[in-house]
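Work through these short exercises with the structure in view. Try each task before reading its solution.

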Amino acid sequence: MHPQFTSARASAGISIASRHVEAGTYRLPRADHHRIMVHASAATRTYCNDAGRYFLRRAGDIDFVPAGQEGGFEAETSFETREVRLPPAMIEGVASEIEGSVRARHFDTRHLLRDERIEYLVRALETDQDAGSPGGILFAESVGIALAVRLVGLDDLETDRTVRLSDAQFKRILDYIDAHLSEQLTIDTLSRIANASSSHLRTWFKAATGTTLHRYVLRRRVERARSLILGSDLSTSEVAYLTGFAHQSHLAHWMRREIGQTPRSLRRARLEK
């Protein structure tokens with residue numbers, strides 16, 4: 001975990017921290033500042049207790065937790081995130097200039113936003129910090145104001161998270177996939193489980209998760225295979241069979257492509273511990 005900004009940056013009321021979070025419960029307690037969380041890992045499957053549903057967080061997905069509100073979720077795997085903190089006064093000042101009003105602005109917690117401008121600004125803050133904050137307080141304030149402008153216009157931001165599957169449909173599909181990874185999963189079968197047409201399911205699933213059904217199933221199979229290799233003495237062929245891969249080479253190919261490791265390299269690392 002990186003330290004937060006230097007004292008000069010902190011005096012601007014803005015801070016950024018990069019965090020490694022282990023699998024399990026990730027909670028954000030109430031705070032007196034706004035928080036922008038930018039996911040910085042590969043796809044991470046999470047369960048949001050507040051929403052009562054599963055999500056796939058991808059690199060670049062943004063969560064916004066306003067001051068005074070809580071946030072968090074259950075993560076199935078460890079992940080990296082960048083957390084930017086902004087003082088409410090900065091956003092209120094920007095809002096009053098844009099809207100011509102000094103009324104207090106109410107914000108709601110937002111999940112899985114996609115906005116390239118916010119991503120760029122957060123990376124700029126992180127790069128400046130890693131370089132020793134050569135931009136000083138002026139740079140921090142400039143970036144903070146630019147972020148505030150984006151947040152004030154949050155309702156106008158275009159996101160690619162339009163979800164047209166109900167929570168019940170979405171959960172049925174994910175639960176069914178996890179319970180039948182060793183079997184041949186087809187779009188027709190999953191459509192019946194979701195009670196939706198195959199064309200609608202393809203479109204709605206990608207809108208909800210950011211990935212295709214086929215790629216999601218492959219990733220879940222790779223994740224299950226990795227767990228079995230690290231946590232059991234099953235042979236590679238047995239792991240391939242239990243996770244729905246045609247053979248050992250098929251399993252090794254997709255493991256190398258998805259996580260950069262093979263069954264052999266995972267076993268070697270396990271023995272070296």
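**Exercise 1: a surface patch**

Task: find the area of the nonpolar patch formed by Ile 98, Ile 145 and Val 149.

Solution. Together, Ile 98, Ile 145 and Val 149 have about 250 Å² of accessible area in a nonpolar surface patch. Accessible areas come from the Shrake-Rupley method with a 1.4 Å probe, and only the protein chains shown count as cover for residues. Patch residues have over 30% relative accessible area and no salt bridge, and nonpolar side chains (Val, Leu, Ile, Met, Phe, Trp, Tyr) are joined within 5 Å, like charges within 9 Å.

The model is predicted: local features need pLDDT of at least 70, side-chain atom pairs pLDDT 80 or more, while totals for chains, interfaces and linings use all residues. Residues are numbered from 1 along each chain as its sequence is written, and side-chain values use heavy atoms, without hydrogens and water.

**Exercise 2: Val 149**

Task: locate Val 149 and state its exposure.

Solution. Val 149 sits in helix H4, residues 136-152. Helices are DSSP runs (H or I, at least four residues), as are strands (E, at least two), numbered from the N terminus. Val 149 has a relative accessible area of 38%. Buried means under 20%, exposed over 50%, partly exposed in between (1.4 Å probe, protein chains only). So Val 149 is partly exposed.

**Exercise 3: Arg 35**

Task: say which side chain of opposite charge is nearest to Arg 35.

Solution. Start in strand S3, residues 34-39, which holds Arg 35. Arg 35 is buried, and the nearest oppositely charged side chain is Glu 83, 5.1 Å away. A salt bridge needs a Lys or Arg side-chain nitrogen within 4 Å of an Asp or Glu carboxyl oxygen. Arg 35 has none.

Methods
Lys, Arg positive; Asp, Glu negative; His and termini not counted.
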